[in-house]
Amino acid sequence: MSAKDHFIIIGNGPAGNNAAEVLRENDKKARISIISTESFSFYYRHRLKDFISGRIPAEDLVVKHYSEYKDKNIRLRLGQFVEKIDPEKKILYLKHMEKINYTKLIIATGGSPRILPSLTIFQDYLTMFSTYSDTVGLRHRIEKAKEIVVLGGDLTSFSFVKSLVKACKKVSFLLFNDAFWPISLTSEMILKIEENLKSHNVATFFNDSVEMIKKSKSKYTIETKQNNKIKSDIIISLMGMIPNIRFILGSSIDTDRGVLVDAYLRTNFKDIYAAGDCAQIYNPILKNYWVSIGWMNAEEQGKIAALNLLGDSKIIEPPKEEIFEYEGIKVNTSWWKKF
Amino acid sequence: MNNNPIKEKVRTNTILYSKDPRDLSAIAKNIPCQNACPANTNIPGYIRCIYEKRYGRSYDLNRMYNVLPGVLGRICSRPCELMCRHGDSDLGEPVSICYLKRSAADLKSPMHRIKENLYESSGKKVAVIGAGPSGLAAARELSLLGHKVKIFEGNGKHGGMLMYGIPEFRLPRDILNIEVENILRLGIDIEYNAKVGDNITLDSILKKFDSVILTTGCSLPNQMRVEGEDLEGVYNGLEFMKMINDGEKPEIGDKVIIIGDGFTAMDCARAAARLGAKDVKVNMRKTEEFMPIDEKEKFEVKYEKVKFYSLVDTQRIIGENGKVKEIEFLRNRLIDSATASGGRAAEQIENSEFTLEAETVIIAIGQQPDPTSISSKIKTDGNWIKHKKDSFQTSVKKLFAAGDCLTGASNVISAIAAGRKCAHEVDNVLTGKARKDNVVRFEMINSTDRQRSFDFIEKIEIPSLKFQDRFKSRISEVETGYDGNIAYEEAKRCYLCNLKYEIDVSRCIYCSACIDVAPRDCIKMVEKIDLKKDPSGKLIETQDWNKVTGIVIDTSRCIRCGVCYEVCPMDCIYVTKTELIEYDLEG
Ligand SMILES: Cc1cc2nc3c(=O)[nH]c(=O)nc-3n(C[C@H](O)[C@H](O)[C@H](O)COP(=O)(O)OP(=O)(O)OC[C@H]3O[C@@H](n4cnc5c(N)ncnc54)[C@H](O)[C@@H]3O)c2cc1C
Ligand SMILES: Cc1cc2nc3c(=O)[nH]c(=O)nc-3n(C[C@H](O)[C@H](O)[C@H](O)COP(=O)(O)OP(=O)(O)OC[C@H]3O[C@@H](n4cnc5c(N)ncnc54)[C@H](O)[C@@H]3O)c2cc1C
Ligand code: SF4
């Protein structure tokens with residue numbers, strides 16, 4: 001590769017960082033840039049729940065400090081939003097009106113919280129989080145709150161509830177089992193979850209659903225289908241993640257649930273790859289597309305995308321266990337146990 | 001309006017008219033919503049009326065071009081909103097043009113007086129075959145132009161796909177019936193259950209009428225041509241929706257698979273959910289991005305818990321004891337294609353077969369016209385009616401065709417626009433002269449009371465029934481509409497692109513105050529204006545003050561916020577209201 005190369009990675013998560021490391025190890029000359037909408041350096045997202053409930057300080061979130069990028073001659077552009085990609089001209093358009101040329105690109109934009117269509121009318125009353133900046137204000141609100149309702153539609157919701165209980169909050173939990181993400185809960189699993197939450201003194205509302213949310217002053221009341229009225233200072237909605245691909249729509253890069261790539265993590269454009277939570281990969285053994293939501297998969301995919309970008313032909317193997325079907329797409333969740 | 005036929009700009013006080021192609025083309029560029037509307041509806045005009053709470057006037061402005069405003073305000077495919085300037089990437093979301101149209105229809109007085117401009121009777125008789133939107137629009141226009149019209153409708157009710165395709169939870173039938181009645185009241189005769197090519201011949205109609213317009217839509221469902229299509233429990237989308245709209249309640253079970261991704265497929269999915277199906281899946285060959293429906297419709301379908309399955313291709317429908325049991329699919333990938341929509345086609349992935357269980361399968365993969373069932377005389381190319389280029393004239397003398405039967409399955413606003421245009425062509429033939437033409441009307445106005453703060457109002461979604469209330473009755477209208485206050489707030493969002501802000505260069509002192517306050521790059525320093533006789537002229541910009549010969553507002557970028565007008569120390573910015581109007585050539 002020549003010094004004229006400019007490899008850009010959109011996304012400063014595990015996929016983006018692993019890709020950058022591999023690129024730098026194998027190419028000392030190329031310009032490498034990481035762009036991220038977030039202003040906080042690379043951090044562990046799964047620790048956010050403990051940060052919100054006040055159990056760990058912000059320093060404990062960090063994986064890599066700014067100086068480490070400098071040492072490796074990787075340019076980190078924080079707080080910058082890629083608004084559009086022109087794959088023909090190889091230009092990225094940033095929200096602050098800057099244009100950047102790239103020679104090769106890795107899209108590693110992860111995901112954002114999913115909001116259930118049935119809850120969108122109450123959107124203004126719901127709090128969701130997936131980034132450090134989402135949690136900064138939330139930490140203070142949680143500190144002051146006495147009663148908290150968690151609308152639980154994903155695996156994070158269970159560990160988050162436990163974190164709140166440890167922080168001495170009164171927690172109510174409404175399970176969204178028919179929209180649970182990314183797995184379908186069996187009745188045995190539901191029973192176990194209920195038992196477990198009750199043993200932590202969590203008020204559980206299973207087989208129920210949100211009918212209405214009202215706000216009076218700073219207090220919310222959730223009215224449920226089973227005529228329960230639950231009071232709360234904050235309503236946290238945790239319904240899983242959807243890939244961050246909105247900004248790609250209309251660019252001619254193929255997307256479905258995520259950015260469509262083959263087993264080499266190549267998109268339909270030469271020189272553009274996708275890795276991590278935002279990628280949707282076809283696998284001939286599964287006879288299906290799969291999306292991998294998880295830290296370790298993102299790391300692995302980041303590395304493979306970078307190697308292939310540099311000329312290698314590495315195939316990403318599908319995870320062999322714990323694959324669940326979600327709206328026709330296989331979702332791998334094996335990593336949750338490893339954390 | 002000026003009484004003389006308009007040849008060039010004529011000044012009447014502060015009102016000017018022009019037929020200059022450059023002015024007509026500027027209108028198209030400056031008012032993107034109106035240009036995108038197949039019927040050229042005066043959108044900023046009617047939105048402004050809503051802001052002024054003149055709902056009746058707003059309704060009338062709509063009805064001039066689109067004879068079913070209350071209907072379209074509910075189900076229009078909204079090509080205008082896709083092009084609305086407010087939806088440019090740096091400006092937020094488009095104005096809710098369609099909901100506003102509905103609000104004018106809902107909020108006007110219940111006994112609103114409808115005004116029609118009637119021409120003298122011509123003594124000519126025209127038959128229209130098919131009482132869908134296209135036929136109704138043609139019939140109304142021909143009636144206004146003085147011709148005696150009779151509609152032959154094959155079904156027992158009028159409305160075409162509005163009655164038999166679109167479900168009642170999207171379009172209440174009282175709204176449709178009132179608006180159709182308002183058309184028929186012009187003295188139009190209608191004969192129901194008159195199916196041309198079946199119980200009445202085209203020839204007999206051609207003999208009795210001076211002209212005949214075919215507006216029979218698309219009634220032939222596309223077949224998938226896969227094994228199992230004839231199993232019990234497999235329907236085509238049109239047949240299924242007709243059953244639903246006739247009030248039938250077919251037994252469909254819990255697991256329903258819809259194949260297709262257009263209007264019909266979505267309606268079938270939502271109707272299936274209302275029949276009590278627990279697991280409704282919409283399966284499509286490509287991805288959501290390529291679905292020919294808008295984001296709002298996608299949202300509504302998902303809200304009703306219908307699941308989308310993308311990148312799948314049906315291989316065969318598998319049955320047991322003559323009844324559908326499951327479907328075998330192959331996965332698809334997207335590939336380049338010069339002919340497919342969006343430049344991408346679906347390609348099957350080898351050895352990727354899988355099956356999904358189903359108790360009912362509804363195939364809604366489009367429909368085609370069926371002209372040969374009407375008469376073997378009509379020359380066709382496959383199922384497509386042959387017609388003169390840029391004309392509605394078919395191969396049969398006196399026989400014209402418009403709407404979906406000519407273009408293939410499209411949408412209601414295109415069908416209405418085509419019906420009206422076809423009526424004008426028929427009128428030309430019958431009278432031997434053109435009676436209407438388009439002209440640009442310019443009116444100098446002092447300023448506008450639009451405030452910059454209006455630009456930051458967020459789009460207001462239409463209030464709709466909550467999930468559980470949608471299923472209490474199969475026909476409850478899902479969208480409940482804007483009230484006057486919401487309509488007023490949403491109307492404020494419209495930039496009123498029909499206002500043209502210009503700088504009088506002779507007064508400009510080049511202080512650049514306007515450029516400094518401009519919200520985007522809408523005011524340009526110009527070296528030269530490359531004027532042409534046709535609309536291809538353009539601004540030659542410069543950044544070098546020494547070369548600047550004028551400061552010009554780029555009307556295609558201008559959001560009519562008025563801040564330049566406020567700040568100009570020399571009062572050299574003037575505002576003109578520009579409107580495309582239909583001009584009566586006979587005066
Ligand atoms: C609360 C929470 C708990 C979790 N718990 C676990 C767990 O226990 N175990 C586990 O394995 N995983 C867990 N995860 C998931 C895990 O964090 C993700 O799978 C992983 O971070 C995905 O990595 P990624 O590199 O693909 O994307 P991300 O880490 O999501 O990074 C995406 C990056 O892209 C940037 N970006 C997005 N769009 C743009 C744009 N248009 N322009 C510029 N930059 C953009 C973002 O700013 C961000 O830097 C959890 C996630 C959350 C939110
Ligand atoms: C389920 C469904 C949902 C749709 N949803 C929308 C939507 O939300 N928005 C939108 O813009 N468009 C929608 N469309 C498309 C839209 O309805 C059509 O594009 C439009 O109705 C076409 O109008 P038309 O007048 O050309 O034909 P049609 O509406 O099809 O009307 C044709 C008429 O001709 C009659 N006819 C046919 N053959 C004969 C004959 N031989 N003799 C006498 N009469 C005959 C028919 O009975 C019918 O009344 C939808 C279509 C379907 C099927
Ligand atoms: S802002 Fe108003 S006039 Fe301009 S394009 Fe949108 S709806 Fe039309």
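Q: Why does Met97(A) count as exposed?
A: Exposed means over 50% relative accessible area, buried under 20% and partly exposed in between, with a 1.4 Å probe and protein chains only. Met97(A) has 75% relative accessibility, so it counts as exposed. This is a predicted model in which local features need pLDDT of at least 70 and side-chain atom pairs count only at pLDDT 80 or more, while totals for chains, interfaces and linings use all residues. Residues are numbered from 1 along each chain as its sequence is written, chains are lettered from A and ligands numbered from 1 in the order in which they are written, and side-chain values use heavy atoms, with hydrogens and water left out.

Q: What is the sign of phi in Met97(A), and where is the residue placed?
A: Phi is positive, near 75°, in a residue other than glycine. Met97(A) is in the loop between β5 (91–94) and β6 (99–101) of chain A, where helices (H or I, at least four residues) and strands (E, at least two) are DSSP runs numbered from the N terminus.

Q: What makes Asn201(A) exposed, and what is its phi?
A: At 69% relative accessibility, Asn201(A) counts as exposed. Its phi is positive, about 65°, although the residue is not a glycine. Asn201(A) sits in the loop between α6 (187–199) and β11 (203–205) of chain A.

Q: Why is Gly197(B) called partly exposed?
A: The relative accessible area of Gly197(B) is 43%, so the residue is partly exposed. Gly197(B) belongs to the loop between β5 (189–191) and α11 (202–208) of chain B. From C-alpha to C-alpha, Gly197(B) and Cys572(B) are 66 Å apart in space, and they are 375 residues apart in sequence.

Q: Why does Asn66(B) count as buried?
A: Asn66(B) has 0% relative accessibility and therefore counts as buried. The residue lies in the loop between α4 and α5 (69–75) of chain B. Asn66(B) and Arg420(B) are 354 residues apart in sequence, while their C-alpha atoms are 8.7 Å apart in space.

Q: Why is helix α4 (residues 55–65) of chain B said to be largely enclosed by the rest of the structure?
A: Nine of its 11 residues are buried, so the helix is largely enclosed. The buried residues of α4(B) include Tyr55(B), Tyr59(B), Leu61(B), Arg63(B) and Tyr65(B).

Q: How many disulfides does a search of the whole structure find, and why is Cys522(B) not in a bond with Cys558(B)?
A: The search finds zero over all chains. A disulfide is a pair of cysteine sulfur atoms within 2.5 Å. The closest cysteine sulfur to that of Cys522(B) is in Cys558(B), 6.0 Å away, so it is too far for a bond. Cys522(B) has 5% relative accessibility and counts as buried, whereas Cys168(A) is exposed, with a relative accessible area of 71%.

Q: Which atoms of Ile75(B) and ligand 2 lie 2.6 Å apart, and what makes the pair a polar contact?
A: A backbone N or O atom of Ile75(B) lies 2.6 Å from a nitrogen atom of ligand 2. A polar contact is a pair of N or O atoms within 3.5 Å. A backbone N or O atom of Met161(B) is 3.0 Å from an oxygen atom of ligand 2, and one of Ser410(B) is 3.3 Å from an oxygen atom of the ligand. Taken alone, ligand 2 exposes 1000 Å², and the protein buries 95% of that (Shrake-Rupley method, 1.4 Å probe).

Q: Why is ligand 2 said to lie between domain 2 and domain 3 of chain B?
A: Domain 2 (125–219 + 369–434) and domain 3 (221–364) both give residues to its shell, so ligand 2 lies between them; the bounds come from an automatic or database domain assignment. The largest share of the shell, three residues, comes from α13(B).

Q: How do the residues of the shell around ligand 3 divide into nonpolar, polar and charged?
A: There are eight nonpolar, no polar and one charged. Ala, Val, Leu, Ile, Met, Phe, Trp, Tyr, Cys and Pro count as nonpolar, Asp, Glu, Lys and Arg as charged, and the others, Gly among them, as polar. The residues around ligand 3 (a heavy atom within 4 Å) include Cys33(B), Cys84(B), Arg85(B), Cys494(B) and Cys497(B). The shell around ligand 2 divides into 14 nonpolar, 16 polar and five charged residues.

Key
Polar contact = N/O pair within 3.5 Å; in protein donor to acceptor, adjacent residues only side chain to side chain.
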